[in-house]
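Subject: The structure for you to look at

Hi,

Here is the structure I promised to pass on. Have a look at it first, and then read my notes below.

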Amino acid sequence: MTLQIGTHTLENRLFVAPMAGVTDRPFRMLCRELGAGYAVSEMVTSRKELWNTLKTSRRANHDGEPGPIAVQIAGTDAAMMAEAAVYNIERGAQIIDINMGCPAKKVCNKWAGSALMRDEPLALEIVQAVVDAAQPFNVPVTLKMRTGWSEDHRNAVKLARDFESSGVQMLTVHGRTREQGYKGHAEYDTIAAVKAAVRVPVVANGDIRSPEKARDVLAATGADAVMIGRAAQGRPWIFREIAHFLDTGIHLAPPLVAEVRRLLLDHLVEHYALYGEFSGVRTARKHIGWYVRALPDGEAFRARMNAIEDCAGQLRAVDDYFQGLADRMDRMPAPTADEEPAGEEETACAVD
């Protein structure tokens with residue numbers, strides 16, 4: 001099953017969630033290679049004075065990335081958000097996504113992210129400004145939000161109708177309030193209500209960690225797609241596992257250790273190319289840690305690896321570890337049903 005956003009046909013209904021510090025170009029391309037049909041970039045700030053910073057320029061790097069290229073923007077000023085949309089479109093963005101879902105304190109304290117759901121007039125002003133700015137370029141605008149600000153302030157359904165009327169062409173809903181952050185369990189009744197209230201595609205997000213959960217969430221919500229974030233950290237092949245299960249009802253065998261070794265080494269090389277030696281070796285540590293955290297001697301290896309200061313040494317350490325793991329097992333262990341996702345709140349959502 002495919003989805004249409006504007007003139008873009010997406011490959012399937014399995015999406016990679018935007019996660020600051022995680023879903024950079026190398027990670028997005030890896031997830032696409034392993035079965036994701038669509039990937040949204042890390043948040044790009046609407047603050048013009050930060051556009052030329054190294055951090056923002058890396059986030060806006062789409063070299064060699066398969067389309068459609070989707071860029072998420074965050075901010076609190078309608079004119080600045082419109083300008084940010086145009087800025088990113090001129091640098092290759094084919095879809096603009098508005099962030100109204102991030103619960104991180106340093107975002108919400110500035111009334112960006114999910115905090116905008118508390119100020120409905122401002123939220124609508126921003127959406128209309130971005131849609132109007134993108135329209136001359138024939139670039140569709142999508143939006144990611146939560147169920148509301150708090151348990152007593154769930155307004156996703158009302159806002160979804162308003163956003164659709166303003167021209168938003170796809171809505172993603174994380175099944176938690178901002179107040180919850182990433183704690184507790186996602187609920188899907190609100191997502192189902194949003195789906196029933198609008199005609200544009202609706203994407204369900206939150207706690208989707210297994211093929212069965214993806215199947216059940218799609219059935220419970222009627223959503224057109226699912227978006228997966230933290231569960232893909234250290235397990236990017238989850239997309240092909242879900243795709244196979246949805247198509248056949250049968251579980252795909254876990255990947256061979258030899259394949260994961262190759263995938264991770266190739267990912268690290270691309271990561272270093274984007275970030276350079278000093279930043280690359282340090283920012284790669286979290287990715288490596290996610291891969292090995294549930295593996296034999298994974299924590300001990302992680303501690304040793306975190307002391308390595310150069311890319312070549314990090315590559316050798318990873319290669320040696322997975323070569324040794326391949327001597328002990330052919331395939332990666334299947335995750336347990338109750339295994340928590342790798343990332344933490346600030347990893348999954350943060351901006352400049």
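Which strands does helix α5 (residues 120-134) lie across? It lies across β5 (70-74), β6 (95-100) and β7, and runs at about 170 degrees to β6.

Before going on, a bit of housekeeping. This is a predicted model, where local features need pLDDT of at least 70 and side-chain atom pairs count only at pLDDT 80 or more, while totals for chains, interfaces and linings use all residues. Residues are numbered from 1 along each chain as its sequence is written, and side-chain values use heavy atoms, with hydrogens and water left out. Helices (H or I, at least four residues) and strands (E, at least two) are DSSP runs, numbered from the N terminus. Axes are lines fitted to C-alpha atoms, for helices over the stretch in contact, and angles run from 0 to 180 degrees between N-to-C directions.

The barrel

Eight strands close into a barrel, in the order β3-β4-β5-β6-β7-β8-β9-β10, with parallel pairing. From one strand to the next, the twist averages 25 degrees. Two strands pair if DSSP finds at least two bridges between them. In general, strands of a sheet pair through backbone hydrogen bonds, either parallel or antiparallel.

Take β7 (residues 141-146) and β8 (residues 170-174): they run parallel and are joined by five bridges. Leu143 stands opposite Leu171 in β8, and Arg146 stands opposite His174 in that strand.

How many residues of β8 are buried (under 20% relative accessible area, with exposed over 50% and partly exposed in between, using a 1.4 Å probe and protein chains only)? Five of the five are, so β8 is largely enclosed by the rest of the structure. Met170, Thr172 and His174 are on one side, and Leu171 and Val173 are on the other.

Strand β10 (residues 225-228) shows a similar split: Ala225 and Met227 point one way, Val226 and Ile228 point the other way, and all are buried. As a rule, side chains in a regular strand alternate between the two faces of the sheet. Three bridges join β10 to β3 (residues 14-16), running parallel, and there Phe15 has Met227 as its bridge partner. On β9 (residues 202-205), three bridges also lead to β10, again parallel, and Val203 stands opposite Ala225.

The helices

Helix α6 (residues 156-166) lies across β6, β7 and β8, at about 170 degrees to β7. Its buried residues are Ala156, Leu159, Ala160, Phe163, Glu164 and Ser166. They sit on the same side of α6 because they cover an arc of only 155 degrees around the axis (the arc is that of the directions from the helix axis to the C-beta atoms). What covers them includes β6, α5, β7, β8 and α7 (189-197). Just after α6, Gly167 takes a positive phi of about 115 degrees.

Next come α10 (residues 257-292) and α12 (residues 311-328), which pack at an angle of about 165 degrees with their axes 10 Å apart. That makes α10 roughly antiparallel to α12 (under 35 degrees counts as roughly parallel, over 145 as roughly antiparallel, 65 to 115 as roughly perpendicular and the rest as oblique).

Helix α1 (residues 25-33) also meets α10: their axes come within 13 Å and cross at roughly 30 degrees. The two are therefore roughly parallel to each other. Contact means heavy atoms within 4.5 Å, and the residues making it include Phe27 and Leu30 of α1 and Leu263 and Tyr291 of α10.

Two alanines

Is Ala93 buried or exposed? At 4% relative accessibility, Ala93 counts as buried. Ala93 is in the loop between α3 (78-89) and β6. Leaving aside neighbours within four places in sequence, Ala93 is in contact with Ile69, Val71, Asn88 and Val139. Gly67 is 26 residues from Ala93 in sequence, and their C-alpha atoms are 9.1 Å apart.

Ala303, in helix α11 (residues 298-305), is exposed, with a relative accessible area of 53%. Between Ala303 and Val16, 287 residues apart along the chain, the C-alpha separation is 29 Å.

Happy exploring!
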